[in-house]
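Work through the exercises below with the sequence and the model side by side, and try each task before reading its solution.

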Amino acid sequence: MSEIILIRHGETTWSASRRHTSYTDLELTPDGERQARALAGVLTGQRFATVLASPRRRALRTAQLAGLTVDGTDDDLTEWNYGRYEGRTTADIHTERPDWNIWTDGCPDGESPDQVGNRVDRLLARLTPLLARGDVALVGHAHLLRVVGARWIGLPAEGGGKLRLDTATVSVLGHEHGRPVILRWNGR
């Protein structure tokens with residue numbers, strides 16, 4: 001069975017400082033570029049029937065430095081829309097809303113967990129026919145790819161809160177005994 005390879009983009013200034021970054025289109029830091037180049041070694045020998053990326057520069061640059069040829073961008077791979085929390089850290093948000101949890105509360109003027117889950121479900125439905133041709137790589141963002149992992153194994157979007165995902169990592173979704181499973185998570 002074919003696999004879905006999830007690739008999180010390399011470090012940006014905002015990811016390094018733990019600031020929520022969705023629609024702000026940041027470049028990779030020099031360390032983020034180094035991380036992305038290191039992914040080429042991890043992906044050596046891997047053949048992809050399709051490579052899709054978020055349209056954000058940080059994802060596209062990561063794919064390029066990792067040696068991938070992007071077949072297309074997909075808006076459903078963009079990061080969770082943080083709305084009014086764009087550019088803020090969780091610690092900062094907690095000064096106003098101590099019990100706030102993105103996985104259950106979503107973001108004001110942004111997306112709810114259900115909205116992100118619906119977006120991911122659309123994406124996974126489009127991937128199904130592509131998997132018949134071989135492995136598919138998705139280059140994207142932390143929260144969104146965590147939801148992809150959760151939805152793949154049948155959890156609600158909030159299940160992504162149990163799946164940590166660092167910058168410039170590779171995760172693999174596949175099957176065991178015909179059931180969707182996470183084969184590898186947060187690897188380098």
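**Exercise 1: a salt bridge across the chain**

Glu-27 is partly exposed, with a relative accessible area of 44%, where partly exposed lies between buried (under 20%) and exposed (over 50%), using a 1.4 Å probe and protein chains only. This is a predicted model, in which local features need pLDDT of at least 70 and side-chain atom pairs count only at pLDDT 80 or more, while totals for chains, interfaces and linings use all residues. Residues are numbered from 1 along each chain as its sequence is written, and side-chain values use heavy atoms, leaving out hydrogens and water.

Task: Which side chain meets that of Glu-27 in a salt bridge, and where in the chain do the two residues lie?

Solution: Begin with the criterion, a side-chain nitrogen of Lys or Arg within 4 Å of a carboxyl oxygen of Asp or Glu. The side chain of Arg-57 meets that of Glu-27 at 3.3 Å, N to O. Next, place the partners: Arg-57 belongs to helix α3, whereas Glu-27 sits in the loop between α1 (13-16) and α2, so that the pair, 30 residues apart, links distant parts of the chain, with helices being DSSP runs of H or I of at least four residues and strands runs of E of at least two, numbered from the N terminus. Finally, Arg-57 is partly exposed as well, at 39% relative accessible area.

**Exercise 2: the sheet and its helices**

Task: In what order do the strands of the sheet lie, and which are the edge strands?

Solution: Count two strands as paired if DSSP finds at least two bridges between them. The six strands then form an open, mixed sheet in the order β3-β2-β4-β1-β5-β6. The edge strands, each pairing on one side only, are β3 (72-73) and β6 (179-187). Strand β2 (residues 50-53) runs parallel to β3 and is joined to it by two bridges; in β3, Gly-72 is the bridge partner of Leu-52. Helix α3 (residues 57-65) packs on the sheet and touches β1, β2, β3 and β4 (136-140), contact meaning heavy atoms within 4.5 Å.

**Exercise 3: two further salt bridges**

Task: Are the partners of the Glu-111 and Arg-119 salt bridge buried or exposed?

Solution: The two side chains meet at 2.7 Å, N to O, and both Glu-111 and Arg-119 are buried. For the pair of Asp-92 and Arg-88, also 2.7 Å, N to O, Asp-92 counts as partly exposed at 32% relative accessibility, while Arg-88 is buried at 16%.

How values were computed. Axes are lines fitted to C-alpha atoms, for helices over the stretch in contact, and angles run from 0 to 180 degrees between N-to-C directions.
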